[in-house]
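Subject: The structure to look at

Hi,

Here is the structure I promised to pass on. Have a look at it first, and then read my notes underneath.

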Amino acid sequence: MIELKNVSYTYASEKDPCLKDISIRAENGKITLCTGVSGCGKSTLIRLMNGLAPHYFGGKVEGDVLIDGVNASMMSLNEHSTSVGSLFQEPERQFFALNVEDEIAFALEWQGIKRDEIKKRVNRVISLFNLGDVRNNPIDALSEGQKQKVGLASIVALGVKNIILDEPTANLDVESTSELASILNDLKEQGYCIFIVDHRLYYLSEYADSVIVMSNGSVCKEGGFEILTDEIVKDFGLRKASVPDRRDQLKRADRSKDSVVRTEDLTFYYQEGKSIFDNLNISFPKGIHVLLGKNGVGKTTLCRLIFGLEKQKGGRVVFDESYTGNPLAFGSIVLQNTDYQLNMRTVYDELESCFYLAGIKDSKDKVDNMLKKLDLSLYANRHPQSLSGGQKQRLVIGMAMCKNPKIIILDEPTSGLDGRNMRIIKDMLKDYAQQGNCVVIITHDLELVDDDSFDAIEIGQ
Amino acid sequence: MVIGVFAASVKVVTMIIALAGGGLNPISLILKNLVYTTLLVVLLYKVRKTFALTLFSAVGALVSFMLLGGGITTVPASILSAFACEILILLTGGMKRFYAPVLGVFFYDFISKSMSLFVSYIMMRETPGVIVMVVGIVLVGYIGSLCGLFTGVYCARELRHASIINR
Amino acid sequence: MLASLTVRNSYLHSFNVKSKMFLSIACSITALTLSSFYPLCLLFVLTISYAMLMKRYRVLMVSYFFMALVMAISYMCIGVIALYIPQVKESAQLSLMSVPFLRGACVMNAVLPLTLTIRVQDLLTTLSNMHLPFIIYLPGAVMIRFVPAFIKDIKQIFEAMKIRGFEFTLKNILFHPVLLIRMSFSPLVFMSLRSSEDLGIACELKGIGNNSQVNMKKQSLHTKDYALMSIALIVCIVCICMQYKLTGTLIKMAGHP
């Protein structure tokens with residue numbers, strides 16, 4: 001059980017407290033869900049619960065943090081780590097080993113536990129989480145859902161009873177999200193205390209026992225899942241509590257319209273021989289489309305082929321108006337990892353360099369307009385890497401729009417974003433499509449595609 | 001951890017530059033050394049602790065020997081130079097001084113390159129004329145190292161602007 | 001380099017990493033010590049036979065080609081330098097180059113099989129079985145773990161540059177070097193820092209480094225590993241004795257033919 005009594009916390013480098021007078025309780029055998037817009041203090045709350053604050057990040061804590069009834073101020077970080085386990089959005093970034101079995105054993109090996117006991121625990125969690133088939137597989141080869149399972153398995157193997165999850169579903173598809181929810185429910189029934197911080201809420205509607213809504217470092221609402229009404233969702237910039245899976249109901253794109261891009265007998269296979277496309281014919285007309293298809297069908301590969309990031313084995317990609325130049329001058333693609341795409345010293349420089357590379361030398365007004373459109377004017381002189389996830393995503397989309405592409409393809413543009421940022425990005429993309437362009441989105445985000453103005457293009461039928 | 005991750009990135013980047021440039025190409029030699037020194041300066045600004053440099057060179061040497069199969073003859077030279085620089089840093093006021101990382105890396109580059117020249121001499125002792133060639137190659141690389149000191153400080157300043165180091 | 005990440009099987013794969021490491025170190029030190037032609041020849045023949053066991057003939061051939069190329073370039077350059085600096089003229093003799101070539105070749109023969117026949121996971125297990133101090137072991141393990149990830153990251157950085165419309169071309173190297181370095185290098189620095197922060201936190205949260213380490217998988221030396229190490233030791237001793245017998249000295253420096 002984790003309990004916070006009148007806790008306030010201030011980082012060492014800041015004057016004002018990041019968390020103000022927080023009193024919450026996450027009980028054993030229950031799932032507690034905490035949500036709120038980016039920057040509301042959720043991550044700091046987690047740091048207090050797992051001991052990183054103040055042990056790792058320094059700063060000043062007021063009030064009491066109790067772990068299984070013991071005051072955390074009396075515990076070392078090592079003691080803390082034996083009581084609370086944490087799982088993050090990208091678990092592989094915190095893995096030390098290269099394969100599943102070794103990763104699960106890794107932390108146990110440093111606990112002074114005997115070899116036989118380590119083996120016993122590893123075998124137990126591998127069977128508990130159904131990881132037997134991938135036991136010796138490299139971590140890199142696992143799906144995001146499997147990586148989350150490995151992360152959870154290594155926590156359970158350590159024997160901790162309090163598990164904290166920080167945005168565990170940000171990179172998961174719909175199916176993996178529901179599988180994770182079911183695993184968490186199993187752990188709850190075994191008496192674990194589960195504390196989840198997430199923007200996505202719908203998947204816990206049946207499992208969450210209590211919900212905490214945070215804003216500006218304080219707890220604003222607390223109660224059962226039913227407190228997440230439309231009004232609360234709107235007021236606090238949250239994601240919806242109930243999201244229908246409308247992927248099958250989306251109207252199909254009218255392919256008889258003039259296409260911006262189309263493929264003719266496109267064929268692609270990997271070197272190992274795994275075939276992805278065999279004479280694929282597909283067209284992308286103007287408008288905003290969601291690219292649908294089962295996992296592994298090649299949605300991202302298709303987009304990469306369109307822009308020449310992969311080389312097709314047969315067939316061709318044909319652009320509007322018989323354009324034959326560089327595909328990346330005609331259109332643009334926004335890949336998932338924003339951090340790799342931000343290179344300059346300030347947000348302003350980032351946009352200015354994009355206009356420069358698009359052949360626009362005097363771009364001051366254009367940069368200012370784009371900053372306004374992205375709602376980033378206040379951050380023009382900030383370092384791009386110091387922005388929040390939602391701000392970075394908006395900036396990267398803006399950068400792609402600088403060259404005024406006829407088609408823009410986005411891979412998971414709203415993963416890990418709060419409701420407010422998700423809606424800003426959705427509106428930006430809809431506006432861009434209304435200007436006579438083609439916008440294609442690859443996404444697992446059910447809430448993003450829950451919109452009548454979107455249509456679907458399906459591959460792999 | 002910082003040291004391990006940095007050692008990995010340094011290894012990979014310098015290797016890619018060397019492969020892309022074909023090893024003895026002067027541009028790739030300069031670039032390789034520039035990147036190496038820059039990352040090393042950034043590392044020392046991030047981890048301003050005594051013996052971070054020695055640890056970096058020990059870890060890098062150990063792994064590069066086992067994983068890359070290279071540097072077996074230069075491993076001791078690299079570790080010894082790092083250790084000598086740590087002593088120099090300590091004598092000049094320790095790691096807390098603002099320019100300590102730059103000073104440390106400057107001497108580290110200088111001493112390790114000198115020692116690697118000595119190792120080359122041992123390898124090629126029958127044909128000392130070849131050493132003239134090696135000296136030339138090392139000097140070209142050293143130009144990159146000297147530039148790397150400036151780019152390292154520039155990077156460290158930018159990281160501070162991004163609130164990533166010395167927060 | 002990342003040949004070590006490719007999984008192929010040869011007889012040498014079945015040896016323990018420790019025995020191959022021992023052989024590499026012993027043969028390399030011996031090769032550095034030797035300066036007579038015949039002992040080096042003997043060491044060369046034995047080490048190349050050892051290297052052939054890994055069945056990577058193409059890699060071996062390419063390595064030898066590059067080594068010979070570098071030596072040839074050096075030889076030609078010395079010839080040119082000798083025109084201006086007569087003191088180095090003595091080095092510009094092809095016969096004198098044979099000894100350094102053999103020395104380098106012996107080191108390469110001993111080290112290449114170590115690199116090309118270990119799997120990264122074995123290397124991690126070996127590192128942990130060496131009972132190195134935590135402060136050396138963990139950064140070492142992290143480094144090995146992150147080498148493939150960094151290669152992937154660098155590909156993504158180049159891809160992001162391409163998407164932006166700025167590629168790694170000769171034109172950009174010559175006309176926009178600053179922008180080129182900025183675009184390729186700055187995400188790498190941020191990425192390294194982010195990864196190190198994440199791992200530092202993971203280390204704390206998993207309580208790593210606070211107790212002694214126990215290895216789930218024990219790596220032990222088998223008879224054939226002891227045999228390999230013994231043979232390596234005997235070969236090294238024989239070569240050194242041979243040199244002593246031929247020259248009357250253990251280490252011979254330049255200028256004393």
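Let me start with a helix in chain A. Helix 6 (residues 144–158) lies across strand 6 and strand 7 of chain A, and its direction is at about 170° to that of strand 6. Before going further, please keep in mind that this is a predicted model.

The sheet under that helix

What order do the strands of this open sheet take? Six strands of chain A line up as 6-7-8-3-9-10, and the pairing is mixed. Strand 6 (84–87) and strand 10 (218–223) of chain A are the edge strands, each with pairing on one side only. From one strand to the next, the twist averages 20°. Helix 1 (residues 42–50) of chain A packs on the sheet as well: it touches strand 3 (30–35), strand 6, strand 7, strand 8 and strand 9 (210–215), and makes an angle of about 155° with strand 7 of chain A.

If you want to check one pairing by eye, try strand 7 (residues 162–166) and strand 8 (residues 193–197) of chain A, which run parallel and are joined by five bridges. There you will find A:L165 opposite A:I196 of strand 8. As background, strands of a sheet pair through backbone hydrogen bonds, in either the parallel or the antiparallel sense.

As for records, an unreviewed UniProt entry gives the annotation "domain: ABC transporter" to residues 2–241 and 261–461 of chain A. In the model, residues 2–241 of chain A are 33% helix and 25% strand, with the end C-alpha atoms 25 Å apart.

Strand 17 of chain A

How many residues of strand 17 (residues 438–442) of chain A are buried? Five of its five, so the strand is mostly covered, where buried means under 20% relative accessible area. In a regular strand the side chains alternate between the two faces of the sheet. You can see two sets here: A:C438, A:V440 and A:I442 point one way, A:V439 and A:I441 point the other way, and all are buried.

Strand 17 of chain A has parallel partners. Strand 13 (residues 287–292) of chain A is joined to strand 17 by four bridges, with A:V290 standing opposite A:I441. Strand 16 (residues 407–411) of chain A pairs with strand 17 over five bridges, also in the parallel sense, and here A:D411 faces A:I442.

Two residues to click on

A:N437 sits in the loop between helix 14 (419–434) and strand 17 of chain A. Is A:N437 buried or exposed? Its relative accessible area is 8%, which is under the 20% cut-off, so A:N437 counts as buried. Leaving out residues up to four places away in sequence, A:N437 touches A:K286, A:G287, A:P405, A:K406 and A:Y432. Its C-alpha atom is 9.2 Å from that of A:N404, a residue 33 places away along the chain.

A:G389 belongs to helix 13 (residues 389–401) of chain A. With a relative accessible area of 46%, A:G389 lies between the 20% and 50% cut-offs and is therefore partly exposed. The C-alpha atoms of A:G389 and A:T414 are 9.6 Å apart, with their positions 25 residues apart along the chain.

Where chain A meets chain C

The size of an interface is often given as the accessible area lost when the parts come together. Chain A and chain C bury about 5200 Å² between them, and 57% of that is on carbon and sulfur atoms. A:F96, A:W110 and A:Y340 supply 19% of the area that chain A buries against chain C, more than any other three residues. The contact involves 58 residues from chain A and 51 residues from chain C.

The other chains

For chain C, the unreviewed UniProt entry marks several stretches as "transmembrane region", including residues 172–190 and 226–244. Residues 172–190 of chain C are 95% helix and 0% strand, with 23 Å between the end C-alpha atoms. Residues 226–244 of chain C are 100% helix and 0% strand, and their end C-alpha atoms lie 27 Å apart.

Chain B has six helices and zero strands. Of its 167 residues, 59% count as buried. The accessible surface of chain B is about 6500 Å², and 75% of it belongs to carbon and sulfur atoms. Among the contacts in chain B between residues at least 6 apart in sequence, 74% join residues at least 24 apart.

Cheers

Terms used
Residues numbered from 1 in each chain as written. Chains lettered and ligands numbered in written order. Predicted model: local features only at pLDDT ≥ 70, side-chain atom pairs only at ≥ 80, totals over all residues. Heavy atoms only, no water. Buried < 20%, exposed > 50% of the residue type's maximum accessible area, 1.4 Å probe, protein only. Contact = heavy atoms within 4.5 Å. Areas by Shrake-Rupley, 256 points an atom, 1.4 Å probe, with all protein chains shown as cover. UniProt positions renumbered as here; feature names shortened; annotations may be inferred. Pairing = 2+ DSSP bridges. Axes fitted to C-alpha atoms, helices over the stretch in contact; angles between N-to-C directions. Buried area = accessible area lost by both parts, 1.4 Å probe.
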